[in-house]
Amino acid sequence: MKKVMCRCCTALAAAGLLLFAGCSKTKEPAVYTGFAQGFKGPIEVAVTVADGNITAAEVTSISDSDFTADAVNQILTQAVETGGADALDIVSGATITSNGVIEALQTAMAAAAGN
């Protein structure tokens, strides 16, 4: 009976190892900062990245006018919805600011990737 019980325990332990062998540890969410040039000056963003995806993004510093706030929010929303900083749409009427925010997001993602 002891041998049967021991074999069962060994089999269960082996099955558990096989089950978790393919699981990789996920990286804890971390915040990365990105910088770029906007229309009137530098833009700084803070991006929360988890498992290689943007989960939150905010502009922490911008010199551009309040007129561009809607454009900035649209781009940040796109980044969170897609989980990345590539292939984001610029906002007409705020092209330079849009490009600056996208570039800042991309530099933050490059930092997250270790580049």
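**Exercise 1. Work out how much accessible surface the protein chain has, and what share belongs to carbon and sulfur atoms.**

Step 1: the total for the protein chain is about 7,500 Å², using the Shrake-Rupley method with a 1.4 Å probe, where for residues only the protein chains shown count as cover.
Step 2: carbon and sulfur atoms hold 60% of that surface.
Step 3: on the burial side, 31% of the 115 residues count as buried (under 20% relative accessible area; exposed is over 50%, partly exposed in between, with a 1.4 Å probe and protein chains only).

A quick note on the ground rules. This is a predicted model, where local features need pLDDT of at least 70 and side-chain atom pairs count only at pLDDT 80 or more, while totals for chains, interfaces and linings use all residues. Residues are numbered from 1 along each chain as its sequence is written, and side-chain values use heavy atoms, with hydrogens and water left out.

**Exercise 2. Lay out the elements of the protein chain in order.**

Step 1: count them, and you get 3 helices and 3 strands (DSSP runs numbered from the N terminus: helices are H or I with at least four residues, strands are E with at least two).
Step 2: read from the N terminus, and the order is α-β-β-β-α-α.

**Exercise 3. Find out what the side chain of Asp64 reaches, and whether Asp64 has or lacks a salt bridge.**

Step 1: locate Asp64 in the loop between strand 3 and helix 2.
Step 2: check the charges. Asp64 is buried and has no salt bridge (a side-chain nitrogen of Lys or Arg within 4 Å of a carboxyl oxygen of Asp or Glu). The nearest side chain of opposite charge is Lys40, 7.0 Å away; for charge, Lys and Arg are positive, Asp and Glu negative, and His and the chain ends are not counted.
Step 3: look at the backbone instead. The Asp64 side chain reaches the nitrogen of Lys40 at 2.7 Å and that of Phe39 at 3.0 Å.
Step 4: list contacts (heavy atoms within 4.5 Å). Beyond neighbours within four places in sequence, Asp64 touches Gly38, Phe39, Lys40, Gly41, Ile43 and Thr97.

**Exercise 4. Track down Asp51 and Ala87, which have positive phi without being glycine.**

Step 1: Asp51 has phi near 55 degrees, and sits in the loop between strand 2 (42-50) and strand 3 (53-62).
Step 2: Ala87 has phi of about 60 degrees, in the loop between helix 2 (69-82) and helix 3 (95-112).
Step 3: Ala87 counts as exposed because its relative accessibility is 79%.

Key
Polar contact = N/O pair within 3.5 Å; in protein donor to acceptor, adjacent residues only side chain to side chain.
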